[in-house]
Amino acid sequence: MLRRLRPEGLDFVGTAPVRLVFTRDISAPPEAVFRSLALDVPGWAGWFPAVTRAEPVEGGRRITLRGGVRFQETVLTAEASQVYAYRVDATNAPGLRALVEEWRLDPAGTGTRVRWTFAADGPAPVRLLLGAARPGLGRSFRGAVASLDRRLSAR
């Protein structure tokens, strides 16, 4: 059963009690990265190993992760070639009170600097757990973005 989270806006990315920020430069241009993030929602399962299913819905997405964690999300902003952000409205993940993710894209030579911010709130044990998960989330992000870059280079 999904549980409703607090509906935060984009400003939560800068004010959340837990902010995990990861950055990686890739060779694909910002336009191609943005298209994969914002316009090819089902494609996430092909380049982000933690995602087993992604489907667009009116105003957002439904995401299923390995292990059965599910998210219903609302897109907060989609500025072509610059930023894609969404909040989680409902999830079966225990303890979370609020979650917003932002993908910021900046030109880096002929490629893109991809910065992912994972902004969350929950009770103290959840915040501690998320902090401890930082290395794993970082590995997951770096691997996914490298996979996305390979996928876009093959096109």
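User: What volume of space lies in the largest pocket of this structure?
Analyst: The model is a predicted one. The lining of its largest pocket comprises 25 residues. The space in the largest pocket is about 580 Å³.

User: Which residues lie nearest the centre of the largest pocket?
Analyst: Strands β4 (60-65), β5, β7 (98-108) and β8 (111-121) are among the elements that each supply at least two residues of the lining, and helices α4 (124-132) and α5 (134-153) do so as well. Of the 25 lining residues, those nearest the centre are L65, V69, F71, F118 and L137.

User: How many residues of the lining of the largest pocket are nonpolar?
Analyst: The lining divides into three classes of residue. The charged class holds 4 residues and the polar class 1. The nonpolar class holds 20.

User: Which residues touch the most other members of the largest nonpolar core?
Analyst: The largest nonpolar core has 38 residues. Within that core, the residues that touch the most other members are V33, W44 and W103.

User: How many residues make up the other core, which lies apart from the largest nonpolar core?
Analyst: The largest nonpolar core includes V33, W44 and W103. Apart from it lies another core, with F12, A16, A98 and V100 among its members. The number of residues in this other core is 6.

User: Why is helix α2 described as largely enclosed by the rest of the structure?
Analyst: Helix α2 covers residues 30-39. Its buried residues are P30, A32, V33, F34, S36, L37 and A38. Helix α2 is largely enclosed because, of its 10 residues, the number buried is 7.

User: Is S36 buried or exposed?
Analyst: S36 is placed in helix α2. Its relative accessible area is 3%, and the cut-off for a buried residue is under 20%. S36 is therefore buried.

User: What distance separates the C-alpha atoms of S36 and L148?
Analyst: Leaving aside neighbours within four places in sequence, S36 is in contact with W44, W47, L148, L152 and R155. Along the chain, S36 and L148 are 112 residues apart. Their C-alpha atoms are separated by 8.2 Å.

User: Which residues does A54 contact, leaving aside its neighbours within four places in sequence?
Analyst: A54 belongs to strand β3, which spans residues 51-57. With a relative accessibility of 7%, A54 counts as buried. P42 lies 12 residues from A54 along the chain, with 4.8 Å between their C-alpha atoms. Beyond its sequence neighbours within four places, A54 contacts V41, P42, W44, R62 and I63.

User: Which residue shares a side-chain polar contact with T77?
Analyst: T77 is in strand β5, residues 70-79, and is buried at 13% relative accessible area. Apart from its neighbours within four places in sequence, T77 contacts L10, V83, Y84 and A85. The polar contact of 3.4 Å joins the side chain of T77 to that of E79.

User: What is the phi value of S81?
Analyst: S81 lies in the loop between β5 and β6 (83-91). Most residues other than glycine have a negative phi. S81 is a residue other than glycine with a positive phi, near 65 degrees.

User: How far apart in space are D11 and V100, C-alpha to C-alpha?
Analyst: D11 is located in the loop between β1 (3-4) and α1 (12-15). D11 counts as exposed, at 58% relative accessibility. In sequence, D11 and V100 are 89 residues apart. In space, their C-alpha atoms are apart by 9.3 Å.

User: How far apart in space are A132 and T110, C-alpha to C-alpha?
Analyst: A132 lies in helix α4 and counts as exposed, with a relative accessibility of 60%. A132 and T110 are 22 residues apart in sequence. In space, the C-alpha to C-alpha distance between them is 34 Å.

Key:
Residues are numbered from 1 along each chain as its sequence is written. This is a predicted model: local features need pLDDT of at least 70, side-chain atom pairs count only at pLDDT 80 or more; totals for chains, interfaces and linings use all residues. Side-chain values use heavy atoms; hydrogens and water are left out. Helices (H or I, at least four residues) and strands (E, at least two) are DSSP runs, numbered from the N terminus. Buried means under 20% relative accessible area, exposed over 50%, partly exposed in between (1.4 Å probe, protein chains only). A polar contact is a pair of N or O atoms within 3.5 Å; within protein, one must be able to donate a hydrogen and the other to accept it, and residues adjacent in sequence count only if both atoms are side-chain atoms. Contact means heavy atoms within 4.5 Å. A nonpolar core is a set of buried Ala, Val, Leu, Ile, Met, Phe, Trp, Tyr and Cys residues joined through side-chain atoms within 4.5 Å. On a 1 Å grid over the protein atoms alone, a cavity is a set of points where a 1.4 Å probe fits but cannot get out, and a pocket is an open set with protein on both sides within 12 Å along at least five of seven lines; lining residues have an atom within 4 Å of a point. Grid points are joined across faces, edges and corners, and a volume is the space filled by probe spheres set on the points. Ala, Val, Leu, Ile, Met, Phe, Trp, Tyr, Cys and Pro count as nonpolar, Asp, Glu, Lys and Arg as charged, and the others, Gly among them, as polar.
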